[in-house]
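Work through the exercises below with the coordinates open, and try each task before reading its solution.

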Amino acid sequence: MTDNEYILLVDDIVDNLDMLGDMLKHRGYETKIAFDGQEALEQIADNPPDLVLLDIQMPGMNGYQVCEAIKSNEQTKDIPVIFLSALSETDDVVKGFDVGGADYISKPFKFREVMARVENQLTASRQRKEIEALRDRDRQQFEALAQIKDRFLYGAAHDLKNPLTGVLLYTQLLRQTPPDDVSELENIASNIENTARKMQRLVTDIIDLAQMQVGDQMRRIDLPLQPIFESVYQTSLINAKVKDIALSIDIPEEKINYLIERSYFERMLDNLVSNAIKYTPDGGTVVLRLCDREAHYEIQVEDTGLGIPKDDIPKLFDAFFRVKKLTHKKQEGTGLGLSMVAAIVEEHNGEIFVESEEGIGSTFTIILPKDI
Ligand code: ADP
């Protein structure tokens, strides 16, 4: 039995109601009573019970009619009804089931039989409700995923369309160019190559992200983090140098181990550091940090770059999202890097958030719980 379950008893004979009421109260059930069908339907409409015990023979509406009314109403049709029957004729029992009754109890009432049948129906009804709630949750999750998939497909098609049109235009141009104009032919060929590479990058990112979202289980192993930070730092130095950006690393000397999937983890750091360099004007600063906090490890990538408009921050980790500002758009990108980062963080049981101010810079922080 669970809290707040209540049973409506419907019978025109007070003694029957008293007896059933006593039995059920004895077992801790809450009960209400109705003396005829009309009153029962009103009470059910007002405050739907979890179970109805319904006499068949009553003046006015009989039990079958009351049951039919309960079952034909969308709001009440799932409430189980047990008939109370002085008649043990098969026909009457069958008729009770025909009109939607779940079970029957024959008079005179026997305590153990009443309890067994009542508990049986309440348990079945509880299980039905739980299954329904699970189905609802699954349906909602499925719809949400379908929406994400649709948006993703739209984004992918949209972002592939422009370079594809570009390739077709260059091909037309190629046909119209005199065969002896070698430098123009070279120029067109390299434009085709660049555009195709852009498409290749986009397709590779899409495949990687899709693979992660399908939930290909990552094999995480316990590894020291410092060498990975060092490696990302070393490979990023060259890009920083080209833009005269001071890239530094700030990691504790004491060894920190964490359960990670090495290549994804490295990619997560690399994406954040690459973005920091990419969206920071020449001469700026970028720091890659790892800190040991009490209950978690904290990773930070801090830059003195373009920053992100406040309104864009909630959309930052959506696939294909890019800040719609010329300064941002001037940088090559697919808008998939941060959604990849977010997916990797999630796979590592972590959280990511951003603090940013336009024209001042951004800090991306990842929290990795120690207790996993
Ligand atoms: P992209 O391939 O466009 O770099 P991301 O998913 O990595 O895609 O980033 C999404 C958008 O977020 C970028 O287009 C850029 O506008 C913005 N962004 C990401 N990192 C930074 C940063 N460190 N500073 C400023 N803007 C950033």
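**Exercise 1: the open sheet**

Task: find which residue of β3 is the bridge partner of Val10, and place the strands in their sheet.

Solution. In β3, Leu54 is the bridge partner of Val10, where strands are DSSP runs of E with at least two residues, helices are runs of H or I with at least four residues, and both are numbered from the N terminus. Strand β1 (residues 6-10) and strand β3 (residues 51-55) run parallel and are joined by four bridges; two strands count as paired if DSSP finds at least two bridges between them. Stepping outward, the open sheet has five strands in the order β2-β1-β3-β4-β5, with parallel pairing. Its edge strands, β2 (30-34) and β5 (103-106), each pair on one side only.

Before going further, note that this is a predicted model, in which local features need pLDDT of at least 70 and side-chain atom pairs count only at pLDDT 80 or more, while totals for chains, interfaces and linings use all residues. Residues are numbered from 1 along each chain as its sequence is written, and side-chain values use heavy atoms, with hydrogens and water left out.

**Exercise 2: helices on the sheet**

Task: determine which strands helix α2 touches, and how helix α3 is directed relative to β4.

Solution. Helix α2 (residues 37-46) packs on the sheet and touches β1, β2 and β3, its direction making about 140 degrees with that of β2; contact means heavy atoms within 4.5 Å. Angles run from 0 to 180 degrees between N-to-C directions, the axes being lines fitted to C-alpha atoms, for helices over the stretch in contact. Helix α3 (residues 63-71) lies across β3 and β4 (81-85), and runs at about 180 degrees to β4.

**Exercise 3: the cores**

Task: identify the residues with the most contacts inside the largest nonpolar core.

Solution. That core has 49 residues, and those with the most contacts inside it are Phe265, Met268, Leu269 and Ile299. A nonpolar core is a set of buried Ala, Val, Leu, Ile, Met, Phe, Trp, Tyr and Cys residues joined through side-chain atoms within 4.5 Å, buried meaning under 20% relative accessible area with a 1.4 Å probe, protein chains only. Helix α8 (residues 262-278) supplies the largest share of this core, eight residues. Leaving aside neighbours within four places in sequence, Leu269 is in contact with Ile228, Phe229, Val232, Leu288 and Ile299. Apart from this core lies another of 18 residues, among them Ala34, Val52, Met58 and Tyr64.

Conventions: Buried < 20%, exposed > 50% of the residue type's maximum accessible area, 1.4 Å probe, protein only.
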